[in-house]
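Me: Hey, can you walk me through this structure? I'd like to start with the charged residues.

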Amino acid sequence: MVSSPPPPSSGDLDPNPTRRILGLGFWIQGLRCLPWMAINFFLKDGLHVDPSTLQLLQNSANLPMVGKPLYGVVSDAVYISGQHRIPYIAIGAFLQAVSWLAIAILSPSGISIVTLSLCLLLSNLGASIAEVANDAIVAEIGKQPTSPPKKSQSYSSGELQSFVWIASSAGGVLGNLLGGIAINIYGPQAMFLFFSLAVAVQLFIIVTVRESSLNLPKSSSRVGIRKQLSELSVALQKPEIAYSITWLAASNAIIPSLTGTMFFYQTQYLNINSSVLGISKVFGQAAMLLWSVIYNRFLKSVPSKKLIAAIQGVMAAFMLSDVLFVKGVYRSMVVPDLLYVIVFSGLLEVLFFIKILPFNILIAQLCPSGCEGSLMALVASATALSFIVSGYLGVALSSCVGVTGSDFSGFPCALLIQAVCTLLPIYWSSCIPDDKKPESRSKNE
């Protein structure tokens, strides 16, 4: 669309706000850790829930994420004022701003579990709609061939994926750092208000952008929802796509999540305050940011199958390390609990998401044209559902070994079972197909 491209030495898009829109969208996506960290303390200290209830609420609030395929189909097929990405980002931002503002302004003594749950569900509904639209933009641009005349305005799939991951990680670093320091000073509800205002700013910026300025690939014709579902069904009939998504979902769902129990163990038993947890999460986000850069520069040539399986093995090793941590082995070796929580707990938390980067790039390469939003949304939905199942399994496991808010004697056994379950998906990693290199890459190289 642009007659004269910008200087090739710069990767910026002057007339094209793609990087600005995606950068802001994924930055907000990363910043969501701020109100969610505050929710953990609000539930524990304000509503005095036990670890199992905390984890049940956390995972149940993620149920709107499972509907991402539906949002993707609607985004692909239903145009609003001639646009089918930007309006959905705006709708998602609006729902998030309203829900977090409601939690922030309601009286703490008047907030019930039901009201809080409804607001969290609304917030995640908005977040999932916005994420679907953002992911679809990344998939659409990543599939465009990088022809020499428009090389400065085109991106490889890996380059754009790494860029948005960096933006998300940067938002996560700020959110966790701000939350860890400010929760004790200003209280959780101030964090809810701050995030609501940040999303409102995103909304005002989004509504000023026309989708035509993003230079997204033009569809030959608009297809209806039924046609879109048919195309998604055809895509899922490809074994390489179906097996990959199944492996990703199973590799997460089979692991019983013990995040709620670990949160109580660290804050209730070890008396670690929010600032340390915030620094731990910042360390993890910084590691994910560094991973995005390292992957983009050095690891793109490594087969995704080997890389994902290796990350799965590292996750299991970290979980075995947690067993030693809870048993006090590191403490007897004069390793402070604070140091372990900051470094190892922070890294383990983001390892679940680190393996998604090469997987998303692989799926974007395999994705047929025309259903990018639907397929990427299905991947996100399968991931969300797997984490929900993982959370429910974790609640059941904690109950079986007798872990409560004051009794953690069975916690090492639960962590050991978790580590063993993490190793199992490696044995069927052959379900992950080999990478497919874009045709344009060979020309440029």
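Reply: Sure, let's begin with Arg-32, which counts as buried at 11% relative accessibility (buried is under 20% relative accessible area, exposed over 50%, partly exposed in between, using a 1.4 Å probe and protein chains only). This is a predicted model, where local features need pLDDT of at least 70, side-chain atom pairs count only at pLDDT 80 or more, and totals for chains, interfaces and linings use all residues. Residues are numbered from 1 along each chain as its sequence is written, and side-chain values use heavy atoms, with hydrogens and water left out.

Me: Which residue does Arg-32 form a salt bridge with?

Reply: Glu-131, with the closest N and O atoms 3.7 Å apart. A salt bridge here is a side-chain nitrogen of Lys or Arg within 4 Å of a carboxyl oxygen of Asp or Glu.

Me: And is Glu-131 buried or exposed?

Reply: Buried, with a relative accessible area of 8%. Glu-131 also meets Lys-68 in a salt bridge, at 2.5 Å from N to O. Lys-68 is buried too, at 4% relative accessibility.

Me: How many salt bridges are there by this rule?

Reply: Five. Another one joins Asp-337 and Arg-331, at 3.0 Å from N to O. Asp-337 is buried at 18%, while Arg-331 is partly exposed at 37%. As for shared partners, Arg-32, Lys-68 and Glu-131 are joined into one network.

Me: New topic: what is Phe-411 in contact with?

Reply: Leaving aside neighbours within four places in sequence, its contacts (heavy atoms within 4.5 Å) include Leu-258, Met-262 and Val-403.
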